[in-house]
Amino acid sequence: QVQLVESGGGLVQAGGSLRVSCTASGSIFSINDMGWYRQAPGEQRALVADITLSGSGNYADSVKGRFTISRDNAKNTVYLQMNSLKPEDTAVYYCNAQVQRYGTMTYRDYWGQGTQVTVSS
């Protein structure tokens with residue numbers, strides 16, 4: 001099996017910073033793209049940022065210039081550094097990874113359990 005475990009969420013004031021992390025473990029042969037999604041109450045889950053194996057990042061317009069995604073391939077870990085946080089960034093943040101397990105030929109999506117980020121005004 002494959003598990004994704006997030007950490008680093010919490011409560012922060014507007015204008016502050018937080019970094020969330022996500023580590024994948026288990027029967028992992030290879031990881032392709034990794035990313036962060038978020039879901040606010042009453043809204044659908046939406047992409048925040050994702051990053052390719054080679055380190056190329058892609059961001060939602062709402063977070064460009066404020067958030068930075070990075071990864072450590074040796075640790076199967078993806079990070080999201082969030083600066084200049086706004087109340088509208090409040091959501092549950094979910095980690096996603098495209099993982100090829102040992103003994104398989106294809107990648108499939110795995111998700112973390114989510115971590116709450118709350119930005120107070």
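These legends describe close-up views of one predicted protein model.

**Figure 1. The whole chain is built from strands and has zero helices.** The protein has eleven strands. From the N terminus on, its elements run β-β-β-β-β-β-β-β-β-β-β. The radius of gyration is 14 Å, close to the 14 Å that the globule rule gives for 121 residues, so the protein is as compact as a globular protein of that length. Along the principal axes, the C-alpha atoms fill a box of roughly 50 × 25 × 20 Å. Take the contacts between residues at least 6 apart in sequence: 56% of them join residues at least 24 apart.

**Figure 2. Surface and charge of the protein.** Of the 121 residues, 40% count as buried. The protein exposes about 6300 Å². Carbon and sulfur atoms supply 47% of that area. There are 10 positive and 9 negative charges, and their mean positions lie 4 Å apart.

**Figure 3. The largest nonpolar core holds 31 residues.** Trp 36, Leu 80, Met 82 and Tyr 93 touch the most other members. Strands that give two or more residues to this core include E1 (2–7), E3 (18–26), E4 (28–39) and E5 (46–51). Also among them are E7 (67–72), E8 (77–82), E9 (91–101) and E11 (115–120). E9 gives the most, with five residues. In soluble globular proteins, nonpolar side chains tend to be buried together.

**Figure 4. Tyr 93 and its contacts.** Which residues does Tyr 93 contact, leaving aside neighbours within four places in sequence? Earlier in the chain, they are Glu 6, Trp 36, Tyr 37, Arg 38, Val 48, Phe 67, Leu 80 and Met 82. Later in the chain, Gly 114, Thr 115 and Val 117 are in contact with Tyr 93. Trp 36, Leu 80 and Met 82 are also named with Tyr 93 among the core members that touch the most others.

**Figure 5. Arg 66 in a loop.** Arg 66 is found in the loop between strand E6 (57–59) and E7. Is Arg 66 buried or exposed? Its relative accessibility is 11%, so Arg 66 counts as buried; the cut-off is under 20%. Not counting residues up to four places away in sequence, Arg 66 touches Gln 81, Met 82, Asn 83, Ser 84, Leu 85, Lys 86 and Asp 89.

**Figure 6. Gln 44 in another loop.** Gln 44 sits in the loop between E4 and E5. Gln 44 counts as exposed because its relative accessibility is 71%, and exposed means over 50%. Not counting residues up to four places away in sequence, Gln 44 touches Arg 38 and Gln 39.

Definitions and conventions
Residues are numbered from 1 along each chain as its sequence is written. This is a predicted model: local features need pLDDT of at least 70, side-chain atom pairs count only at pLDDT 80 or more; totals for chains, interfaces and linings use all residues. Side-chain values use heavy atoms; hydrogens and water are left out. A nonpolar core is a set of buried Ala, Val, Leu, Ile, Met, Phe, Trp, Tyr and Cys residues joined through side-chain atoms within 4.5 Å. Buried means under 20% relative accessible area, exposed over 50%, partly exposed in between (1.4 Å probe, protein chains only). Helices (H or I, at least four residues) and strands (E, at least two) are DSSP runs, numbered from the N terminus. Contact means heavy atoms within 4.5 Å. The radius of gyration is taken over C-alpha atoms; the globule rule is 2.2 Å times the number of residues to the power 0.38. Accessible areas come from the Shrake-Rupley method with a 1.4 Å probe; for residues, only the protein chains shown count as cover. Lys and Arg count as positive and Asp and Glu as negative; His and the chain ends are not counted. The place of a charge is taken as NZ of Lys, CZ of Arg, CG of Asp or CD of Glu.
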